[in-house]
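Trainee: Please give me a close look at one part of this model. I would like to know how it sits in its surroundings.

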Amino acid sequence: MARELDVPAAVVEDGEFDEILRVWIGSDAVVTMQDFFGPKAHNWGMVLADVAMHIARMRLEQDGISEIETLHALEDGYRGRMSEQFNIQHRSLTGRN
């Protein structure tokens, strides 16, 4: 696949890593994942938080956008999607309501 991301060197060099998630975005999203955590769904929350922090760091490095501004935007997108899909209303993750 021409648009596949490179596997990071740290992953190639260390056999302790497991791939747990791949996401493709087109007219819709396609996701494949391993049930790596079993019934411990809170671990997926930690994965989502790690991804958010990496996105915030990338936006800061590439565009000079503050990490907190990116985290607020990510939260807005998350809350919007959850509300749209499941009609879930919840308190803000960052204390904004």
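**Helix α2 in its setting**

Mentor: Of the chain's 97 residues, 11% count as buried (under 20% relative accessible area, 1.4 Å probe, protein chains only). This is a predicted model, in which local features need pLDDT of at least 70 and side-chain atom pairs pLDDT 80 or more, while totals for chains, interfaces and linings use all residues. Residues are numbered from 1 along each chain as its sequence is written, and side-chain values use heavy atoms, with hydrogens and water left out.

Start with the layout. The chain has three helices and two strands (DSSP runs; H or I of at least four residues, E of at least two). Their order along the sequence is α-β-β-α-α. Among contacts (heavy atoms within 4.5 Å) between residues at least 6 apart in sequence, 5% join residues at least 24 apart. The chain's accessible surface (Shrake-Rupley, 1.4 Å probe) is about 8200 Å². Carbon and sulfur atoms hold 56% of that surface.

Now α2. The helix runs over residues 42-63, 22 in number. From first C-alpha to last, α2 reaches 31 Å. That is close to the expected 32 Å (1.5 Å times one less than the number of residues). Gly64 follows α2, with a positive phi near 70 degrees.

Which residues of α2 are buried? They are Asn43, Trp44, Val47, Ala52 and Ala56. Their cover includes β2 (29-33) and α3 (67-86).

Two of these, Trp44 and Val47, are touched by Ile20. Ile20 sits in the loop between α1 (9-13) and β1. Ile20 is itself buried, at a relative accessible area of 15%. Leaving out residues up to four places away in sequence, Ile20 also touches Thr32, Met33, Gln34, Phe36 and Phe37. The C-alpha atoms of Ile20 and Met33 are 5.3 Å apart, although 13 residues separate the two along the chain.

α2 also helps line the largest pocket. That pocket (an open set of 1 Å grid points with protein on both sides within 12 Å along at least five of seven lines, 1.4 Å probe) holds about 2300 Å³ of space. Lining residues have an atom within 4 Å of a point; there are 40, and Leu21, Arg22, Val23, Leu48 and Val51 come closest to the centre. β1 (21-25), β2, α2 and α3 each give two or more residues to the lining.

Definitions and conventions:
Buried < 20%, exposed > 50% of the residue type's maximum accessible area, 1.4 Å probe, protein only. Points joined across faces, edges and corners; volume = space filled by probe spheres on them.
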